[in-house]
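This report covers the salt bridges, cysteines, pocket and cavity of one protein chain. The sequence and the structure come before the details.

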Amino acid sequence: MQTLTEFLETAGAELRIIEMGRRVQRVPRDSFLAFERAERPWPWPLLRQAWLGLLLHPRGGGVEPHVWFLRLPLDELGCLVQAARDEFLQRLVEALGLDGKLPRPEVLGRDNPHLFQPREERLAAFHARVARDMRRPASVHYRPLLKYLTGEAGWDGWRSLGLQGLADLAVRLDEEGNEQLLARAVPHLPAEPFAALGAALENGTVGAAVAEALLARATRNLERAEPDAGAAVAAVRAMAGARGRGLRNALLLRTLASPAARQPEVLAAIAGRCWEAIEARDIRRPFLEALAINRSGQPFFNECLADLLHIPGVQDSLRASLRDPDRSPALAAAIGGLFSAYRAD
């Protein structure tokens, strides 16, 4: 059985692969091919699956590209379960038309467990990333967003904006003036557009000006007696791709030292979008301590740790911390509950 990459290229498609799980980003062909051949684990597992967006351009032009959103299960080592990929390939072979043309996703999607529909914000990020990578213009929502961010018409007009404009901005922050424009707007954004901004920026690369504005806004929230959990989540997500890791880590430490750290949605944002930071002991330790006393209790602790323990690069440091004798009684009890759950399974 061929790999999916080789099959699609043999069928005459130019393939572009986008990671859709933890962060929407381009995946180099050779990296994906090595994953398909079980030569390396998937770097961004989410719920023990690889989540992918495949853009297929039939060679020769003149035909609209196909877009497939595909999820593939991973084994205990984070490698591809090749039987699942082969099953998808078999379905693909059976769906090929008499002319050998690749089927559209609606044909493949009938009772197909390997296809999924992304959430609206992830779909917007996918289209923004593809347009930028292919040097195509941004969507029609982009310019109205830039105008809104000037603040000249006030900050209450956000309801007419589209998610696609925010996604476009996230991948075009390096274009002239965008960083400074956004940095000046961050302190003034109402809660709803700020939350949407966080979801978009997690897929981009945030520079120092925006990161400093985000940190300042987040700090004001975290210093409150009862921080707003939604605002804390938005700030964590927005800082996920910050170019300056020091500013991102400062935000995470302040978040973990605040009452917001007991909220499951805040911890989920850290684990899901800033997982690389957990490799650092000074962040991993307060993260685990906060996770042990989260408001949703043992089930959320187990779920979050099970997900993180399958990420290459994070799993070894986490295992070391789980064995660390210098841990709080609450964390020790939560770890005991995790092991008990594994034994029960």
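R91 is partly exposed, at 27% relative accessibility. E87 falls in the partly exposed class too, with a relative accessible area of 36%. The two residues form a salt bridge in which the closest N and O atoms are 3.7 Å apart. Both sit in helix α3 (residues 82-95), and because they are 4 residues apart there, about one helical turn separates R91 from E87. The model discussed here is a predicted one.

**Salt bridges**

Side chains of opposite charge can pair when their charged atoms come close. Across the whole structure, 21 salt bridges are found. Three of them are set out below.

| Salt bridge | Closest N to O |
|---|---|
| R91 with E87 | 3.7 Å |
| R237 with E121 | 2.8 Å |
| R281 with D324 | 3.3 Å |

The salt bridge between R237 and E121 has an N to O distance of 2.8 Å. This pair links distant parts of the chain, since R237 belongs to helix α11 and E121 to helix α5 (residues 120-133), 116 residues apart. R237 is buried, with a relative accessible area of 16%, whereas E121 is partly exposed at 24%.

For R281 and D324, the closest N and O atoms of the salt bridge are 3.3 Å apart. Here too the partners come from distant parts of the chain: R281 is in helix α14 (residues 281-292), and D324 is in the loop between α16 (315-322) and α17 (329-344), 43 residues apart. R281 counts as partly exposed, at 47% relative accessibility. Salt bridges with shared partners also join R119, E121, R122, E202, R237 and R273 into one network.

**Cysteines**

How many disulfides does a search of the whole structure find? The count is 0. For C304, the closest cysteine sulfur is that of C274, and the 12 Å between the two sulfurs is too far for a bond. C304 is buried, with a relative accessible area of 7%. C79 also counts as buried, at 13% relative accessibility.

**The largest pocket**

Rolling a probe the size of a water molecule over the atoms shows where empty space is left. The largest pocket has a volume of about 540 Å³. Its lining is made up of 24 residues, and those nearest the centre of the pocket are L46, L47, G272, R273 and D307. Two or more lining residues come from each of α11 (229-238), α13 (264-273) and α15 (298-308). The largest share, 6 residues, is supplied by α13. By type, the pocket lining divides into 13 nonpolar, 3 polar and 8 charged residues. R273, one of the residues nearest the pocket centre, is also part of the salt-bridge network.

**The cavity**

There is 1 cavity of 30 Å³ or more. The largest cavity has a volume of about 60 Å³. Its lining consists of E121, A124, A125, L163, L166, A167, A196, A199, A200 and N203. At least two of the lining residues are supplied by each of α5, α7 (163-170) and α9 (191-201). The lining of this cavity has 8 nonpolar residues, 1 polar and 1 charged. E121 thus appears twice in this account: in the lining of the largest cavity and in the salt bridge with R237.

Terms used. Residues are numbered from 1 along each chain as its sequence is written. This is a predicted model: local features need pLDDT of at least 70, side-chain atom pairs count only at pLDDT 80 or more; totals for chains, interfaces and linings use all residues. Side-chain values use heavy atoms; hydrogens and water are left out. On a 1 Å grid over the protein atoms alone, a cavity is a set of points where a 1.4 Å probe fits but cannot get out, and a pocket is an open set with protein on both sides within 12 Å along at least five of seven lines; lining residues have an atom within 4 Å of a point. Grid points are joined across faces, edges and corners, and a volume is the space filled by probe spheres set on the points. Ala, Val, Leu, Ile, Met, Phe, Trp, Tyr, Cys and Pro count as nonpolar, Asp, Glu, Lys and Arg as charged, and the others, Gly among them, as polar. A salt bridge is a side-chain nitrogen of Lys or Arg within 4 Å of a carboxyl oxygen of Asp or Glu. Buried means under 20% relative accessible area, exposed over 50%, partly exposed in between (1.4 Å probe, protein chains only). A disulfide is a pair of cysteine sulfur atoms within 2.5 Å.
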